[in-house]
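Colleague: I should be grateful for a close look at a single part of this model. Please describe that part step by step, in terms suited to a first-year student.

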Amino acid sequence: MFSSKNSYLAMWGPFKLDGMLLRYSSFVPRLYNFCKSLGFKPGQIMPSRAFCSDENQGYPIILVTKHFGTFPFNHGRVGGIVATGRHGPHAEHGKDMVIIQASHVGYDPSSQTFGTYCRTHTEHHQSTSSCGKIAGVLKWYKEEYQFAQDNILLETDGRQQVITIDNQLLNQERDEGLFLDLGKIILVDKDGDYKPVISHSTARSFLPSEHLRKTLAKHWPREGRETIGTNLKPALFRYKRQIPPDSEGQNQLEENLLHAMPWVVSSPAPLLLAAQVNTQVEFDRTIRTLQKEHGYQGKNLVHIAGLHIDISPDETLTFPLTKFVPWAAYIQKSDGTQYMLEQEELMAALMEQSEDNPDQTDLEAAIHQMELHQEVKVTS
Ligand SMILES: [Zn+2]
């Protein structure tokens, strides 16, 4: 998907969507049958979900309840962060364990764009960001990127090409901000220094590097100056941000996205890419904690990670048409066997399973039966 010499943490494999989308109503029974094929015992499986708190994540929870016959345990924090401190209580609540972890992104079928979701319970059916939490985290990074796009100028001065960079962007001593990879942008002199050809009051002009002249050849103005704009590609910069440490709270999401931010902010679908990256980082982070958790030892466990695509309901529907895109799964058997399924293997394993689930609960009948049941008096 992307890589950077600045950070191996930004080197994630491709998270495919094509051919990988499952309707949620098809995904959950397949997952249930997959668990049964591993020896999980019906009636003794305790599912858990690690979803964002957005109400549009409710329909997947209803389907998990229906197919697994119990309301799932809650492993989720806003933004799709896994509360790994809750493994112990979850492990105590069932014999065989399942955790479904997913970040989410809205999708508007009319414009075929990612990142928004129509809130049908607002007065004017407003569309807002989805995931809103991720959108909030991206704001500062997008503003920094916009500043850099507007304050790096490509110029042709006489017959010489120069690149003019705002002093703020040249300051390498800042605690946080967008930092340019100057070695790829500016031509160094024979002493290995960056020597400006012109010093302005708030900017410096340099000769461009060979790399930049080649990659931007078609975009360089023949005369005059233009902003670099979207030609400021992600390989040319990185971010530094002071993110206060916390344990899986507000800042875990930002930590997860930091190394991939240059690719996220320059993507045509930033909220989609951010949700994909968050799912990938959270899966990697979470499985290490599952392997150490005493409560899960000697138990069957499936931890599955993916992406929820929230498609707003039209006026004929009550719930969103959520799709699930599997990313990876970690499987641990009660005999100690452990293995991973990567995206294509996981999709194949789910597709091998039937969509029919004879064990599913009729939720309406179950609720009706409870209403008919003799009331239990609570005494103090
Ligand atoms: Zn959200």
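Modeller: In this predicted model, cysteine 52 and histidine 104 are both buried. These two residues also serve the zinc ion: its protein donors are Cys52, through atom SG, His104, through NE2, and Cys131, through SG. The donor atoms lie 2.1 to 2.3 Å from the zinc ion. Along the sequence, the donor residues follow the spacing C-x51-H-x26-C. Cysteine 52 sits in the loop between strand 2 (45-50) and helix 2 (58-68), whereas histidine 104 belongs to strand 6 (residues 96-108), so the pair ties together parts that are 52 residues apart in sequence.

The loop that holds cysteine 52 leads to helix 2, and the packing of this helix may be considered next. Two packed helices are described by the angle between their axes and the distance between the axes. For helix 1 (residues 24-37) and helix 2, the axes come within 9 Å and cross at roughly 35 degrees. The crossing of helix 1 with helix 2 is right-handed. On the side of helix 1, the residues that meet helix 2 are Tyr24, Ser25, Val28, Pro29, Leu31 and Tyr32. Their partners in helix 2 are Tyr59, Pro60, Leu63, Val64, His67 and Phe68. Sorted by class, this contact comprises 10 nonpolar and 2 polar residues, with no charged ones.

To summarise, the zinc ion has Cys52, His104 and Cys131 as its protein donors, and helix 2, which follows the loop of cysteine 52, packs with helix 1 in a right-handed crossing.

Note on methods:
Residues numbered from 1 in each chain as written. Predicted model: local features only at pLDDT ≥ 70, side-chain atom pairs only at ≥ 80, totals over all residues. Heavy atoms only, no water. Donors = N, O, S within 2.8 Å, 3.2 Å for Na, K, Ca; no water. Helix = DSSP H or I, 4+ residues; strand = E, 2+ residues; numbered from the N terminus. Buried < 20%, exposed > 50% of the residue type's maximum accessible area, 1.4 Å probe, protein only. Axes fitted to C-alpha atoms, helices over the stretch in contact; angles between N-to-C directions. Left-handed = near helix turned anticlockwise from the far one by under 90°. Contact = heavy atoms within 4.5 Å. Nonpolar A, V, L, I, M, F, W, Y, C, P; charged D, E, K, R; others polar.
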